[in-house]
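Reader: I should like to learn how the terms used for a protein model are justified. Could the reasoning be set out step by step?

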Amino acid sequence: MATIYLRLSSKKDKTTSQSEVLMRFKHGDIAQRAKTNVFVEEEYWSDKEQSIIIPKWRVLTDEKKLLKDELTDKTKRLNEIKELVEKSFNNTDKIVVKDNIKWLTNLIHDYNFPPEPDQEQEEIVEQPSFFDVFTKYIDERDFSLQRKRHMKVVWRTLKRFELYKKVELSFDTITADTLSAIEEFYKEEYGISENKGYSKILDAVPESRKPQPRGKNAINNFMRHLRAFIYWAIDKDYTTNNPFKKYKIVECTYGTPIYLTIDERNKLYHANFSRHPRIARQRDIFVFQCCIGCRVGDLWDMTKDNIVNGAIEYIPNKTKEEDATTVRVPLNAIAQEILDRYKDCDKLLPFTSQQHYNKDIKTMFRGAHLNRVVTVLNPTTREEEKHPLWEVASSHMARRCFIGNLYKKVKDPNAIGAMTGHVEGSKAFARYRDIDDDVKKEMVSMLE
């Protein structure tokens, strides 16, 4: 059974010395509080009776009669509010009341401030918040699992920015200056996170690991993800404000792509990992990826259904929203040999987590003595560095192995793009033009 409690606020109006009557509603696990907008002096209130006391005077002066009428009217209002609350609760689904934390407040407000009889009531539609819309964007878009994870990182980073800067992000107020502040925060969060007070923000909006130093390309990609969300929100009529009109995202810059030669790939494939069966399986997956040139996210989504008439067929996750072209890559002898080795596997291949995959790639490269020294660009410092091949190995090197070795033979980016999912005219192939020493030697020899 529902119970209603009334008490007098301890706060007094400085002008009238009156205090407001407060209401508390309780039913099971439903508990709500609200102000009644009924004010009374403390001497005319009984905590025991939870009601207004109306004095009984023998002689009523005009002043006392006025006070009595006022107290009687306030008592009537309190009784009407109680009756309204009880009646409304009995006629409303209890789940609706439980989910609406302002049910009691709104009910009493409508009693105290009813609309004019002839006034047309406009429905007040509460606009969803910036972060509510961002969540909707992540849930509704047909993103790959990896892309969803990236977008959730953006969501959490923006939430930490909001907490750290003590501002509220909204579609109406976000500007190019806000974007610059967000970019700066994303860049500097690694240093900010060392501050003692920042631990509370990381506790409130945690990541799987503490923020790391972020290079220019990582920052640019972060801002591109945010821009994609803003454009979507504009397209869906959540806002008309486009802060990116006056904010430019610079192009990412990359060093020369490092990839395995065919000889190095074969050396890895024939390396003896019989004492390390897990590494041997991961090696087979990597070599298979070298043979079909897909991104690791697409590889992890593949099943045996992707094998069609001696080829792998799939639609790349990264570009399927703009271009849902099916990529078809014929299986060479090595790729087919690897598939036959795992024909009893439920999945296409015995995949593990992508995180373990990248760690194991470095282990297998080192075990196969792939120590060729290569020059790479540090993505954070933008400085040139020298490393043995195994130190810079990752899942994406398999894709570069496929592209780089084909480009040596074919030199037609569109033909290769048909098997990698690159769009026609992609700038990605420009980076492969400068890396073939054999071609350079051949051209220089023409001068002899």
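Author: Let us begin with a definition: a salt bridge is a side-chain nitrogen of Lys or Arg within 4 Å of a carboxyl oxygen of Asp or Glu. The model is predicted, and the structure holds 18 salt bridges.

Reader: What makes Lys65 and Asp69 a salt bridge?

Author: The N to O distance between the side chains of Lys65 and Asp69 is 3.3 Å, and the cut-off is 4 Å, so the pair qualifies. Lys65 and Asp69 are 4 residues apart in helix α1, a separation of about one helical turn.

Reader: Why is Lys65 called partly exposed?

Author: Lys65 has a relative accessible area of 44%. Partly exposed covers the range between under 20%, which is buried, and over 50%, which is exposed, so 44% falls in between. Asp69, with 42%, is likewise partly exposed.

Reader: How do you know that the salt bridge of Glu264 and Arg372 links distant parts of the chain?

Author: Glu264 lies in helix α9 and Arg372 in the loop between α13 and β9, 108 residues apart. Their side chains meet at 2.7 Å, N to O. Glu264 counts as buried at 13% relative accessibility, because buried means under 20%. Arg372, at 34%, counts as partly exposed.

Reader: Why is the pair of Phe130 and Phe131 called edge-to-face?

Author: A pair of aromatic rings is described by the distance of the centres and the angle of the planes. The ring centres of Phe130 and Phe131 are 5.4 Å apart, and rings pair if their centres lie within 6.5 Å. Their planes stand at 80 degrees, and over 60 counts as edge-to-face, so the name applies. Phe130 is buried at 3% relative accessible area, and Phe131 is buried at 6%.

Reader: What makes Tyr231 and Phe244 an edge-to-face pair?

Author: The centres of the rings of Tyr231 and Phe244 are 6.4 Å apart and their planes are at 70 degrees, so both limits, 6.5 Å and 60 degrees, are satisfied. Tyr231 lies in helix α8 and Phe244 in the loop between α8 and α9, so the pair ties together parts 13 residues apart in sequence. Tyr231 is partly exposed, at 40%, whereas Phe244 is buried, at 5%.

Reader: What places Lys159 over the face of Phe131?

Author: Lys159 is 4.3 Å from the ring centre of Phe131, and the distance limit for a charge over a ring is 6 Å. Phe131 also belongs to an aromatic cluster that includes Phe130, Phe134 and Trp155.

Methods: Residues are numbered from 1 along each chain as its sequence is written. Side-chain values use heavy atoms; hydrogens and water are left out. Rings of Phe, Tyr and Trp (its six-membered ring) pair if their centres lie within 6.5 Å; planes under 30 degrees apart count as stacked, over 60 as edge-to-face and the rest as tilted. Buried means under 20% relative accessible area, exposed over 50%, partly exposed in between (1.4 Å probe, protein chains only). Helices (H or I, at least four residues) and strands (E, at least two) are DSSP runs, numbered from the N terminus. A charge sits over a ring if NZ of Lys or CZ of Arg is within 6 Å of the ring centre and within 35 degrees of the ring normal.
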